[in-house]
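Hi everyone, and thanks for making time for this. I'd like to walk you through a structure that may be new to most of you, so let's put it on the screen.

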Amino acid sequence: LLGPRTEVTWWEKREAKLGSVCEQLKGKEARIVLSVTGAGKAKAIKKWKEREATLNDTYADASVNVHYLTELDICLEPLYSGTSSQIRDILPDLFAKFRSLARETRHYKSRRRIERFLSKTANQLISACRRSLQNR
């Protein structure tokens, strides 16, 4: 996979991995181990809880990213296999989805990150236009 879908796939995998770790840490076995190892070590438990909170926060960010990227991915489909008229028709919705992504996600609020994603999308758009011209 090339283009903007690499971003979607990467975040889906990241969300799955983080979710798996979070679920394991909520399990009975993990809680028993933490209570046994933490007995009498308040500093270690405090540090562990901070890291666990960071992990949960990171997982929440990944989930939000996947939500918005999944919505955006629907608009990306014509860039991979659509006709020029289909591409033209999705552009307004695609730009609206990019605005939502940049506004609502912590990761894509960074100018550098949203520009990188826009660049991948623009390159895919150029490839789609070339494909359309070659098929004429």
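I'll begin with the overall layout, then go to the core, the salt bridges and a couple of single residues.

One thing to say up front: what you see here is a predicted model. The chain has five helices and zero strands, so if you trace the sequence from its start you read α-α-α-α-α. How spread out is the chain? Its radius of gyration is 21 Å, while the globule rule gives 14 Å for 136 residues; the value is well over that, so the chain is more spread out than a compact globule. You can see this in the box as well: along the principal axes, the C-alpha atoms fill roughly 75 × 25 × 20 Å. As for burial, 30% of the 136 residues count as buried. And if we take contacts with a separation of 6 or more, 71% of them come from residues 24 or more positions apart.

Let's look at the first helix for a moment. Helix α1 has 22 residues, and at 1.5 Å a residue it should span 32 Å; its end C-alpha atoms are 32 Å apart, which agrees. Which residues of α1 are buried? They are Arg-5, Glu-7, Val-8, Trp-11, Leu-18, Gly-19, Cys-22 and Leu-25. Please keep Arg-5 and Glu-7 in mind, as both will come back.

Now to the core. The largest nonpolar core has 23 residues. Those with the most contacts inside it are Leu-69, Leu-72, Leu-94, Phe-98, Leu-101, Tyr-108 and Phe-117. Two or more residues of this core come from each of α1 (5-26), α3 (42-81), α4 and α5. The largest share comes from α3, with nine residues. To get a feel for one member, take Leu-94: leaving out residues up to four places away in sequence, Leu-94 touches Leu-72, Cys-75, Leu-76, Leu-79 and Thr-121.

Next, the charged residues. Side chains of opposite charge can pair when their charged atoms come close. How many salt bridges are there in the whole structure? The search finds twelve, and I'll show you three of them.

Here is Arg-5 again. Arg-5 forms a salt bridge with Asp-73, and the closest N and O atoms are 2.7 Å apart. Arg-5 sits in helix α1 and Asp-73 in helix α3, so this pair ties together parts that are 68 residues apart in sequence. Arg-5 has a relative accessible area of 16%, and it counts as buried because the cut-off is under 20%.

Glu-7 is the other one I asked you to remember. Its salt-bridge partner is Arg-116, with the closest N and O atoms 3.0 Å apart. This pair also links distant parts of the chain: Glu-7 is in helix α1 and Arg-116 in helix α5, 109 residues apart. Are the two partners buried or exposed? Glu-7 is buried, at 4% relative accessibility, whereas Arg-116 is partly exposed, at 38%.

For the third pair we stay inside one helix. Glu-115 and Arg-111 form a salt bridge with closest N and O atoms 2.7 Å apart. Both lie in helix α5, four residues apart, which is about one turn of the helix. Glu-115 is partly exposed, with a relative accessible area of 38%, and Arg-111 counts as exposed at 63%. Going back to Arg-5, there is also a network: salt bridges with shared partners join Arg-5, Asp-73 and Glu-77.

Let me finish with two single residues. Where is Thr-105? Thr-105 lies in the loop between α4 (84-104) and α5 (111-134). Although Thr-105 is in a loop, it counts as buried, at 1% relative accessibility. A polar atom of the Thr-105 side chain lies 2.6 Å from the backbone oxygen of Leu-101, and Leu-101 is also among the core residues with the most contacts. Setting aside neighbours within four places in sequence, Thr-105 is in contact with Val-64, Asn-65, Tyr-68 and Ser-100.

The other residue is Asp-61, found in helix α3. Asp-61 is partly exposed, with a relative accessible area of 24%. Asp-61 and Lys-13 are 48 residues apart in sequence, and their C-alpha atoms are 13 Å apart in space.

That's my tour, and thank you for listening!

Definitions and conventions
Residues are numbered from 1 along each chain as its sequence is written. This is a predicted model: local features need pLDDT of at least 70, side-chain atom pairs count only at pLDDT 80 or more; totals for chains, interfaces and linings use all residues. Side-chain values use heavy atoms; hydrogens and water are left out. Buried means under 20% relative accessible area, exposed over 50%, partly exposed in between (1.4 Å probe, protein chains only). A polar contact is a pair of N or O atoms within 3.5 Å; within protein, one must be able to donate a hydrogen and the other to accept it, and residues adjacent in sequence count only if both atoms are side-chain atoms. Contact means heavy atoms within 4.5 Å. A nonpolar core is a set of buried Ala, Val, Leu, Ile, Met, Phe, Trp, Tyr and Cys residues joined through side-chain atoms within 4.5 Å. A salt bridge is a side-chain nitrogen of Lys or Arg within 4 Å of a carboxyl oxygen of Asp or Glu. The expected span of a helix is 1.5 Å times one less than its number of residues. The radius of gyration is taken over C-alpha atoms; the globule rule is 2.2 Å times the number of residues to the power 0.38.
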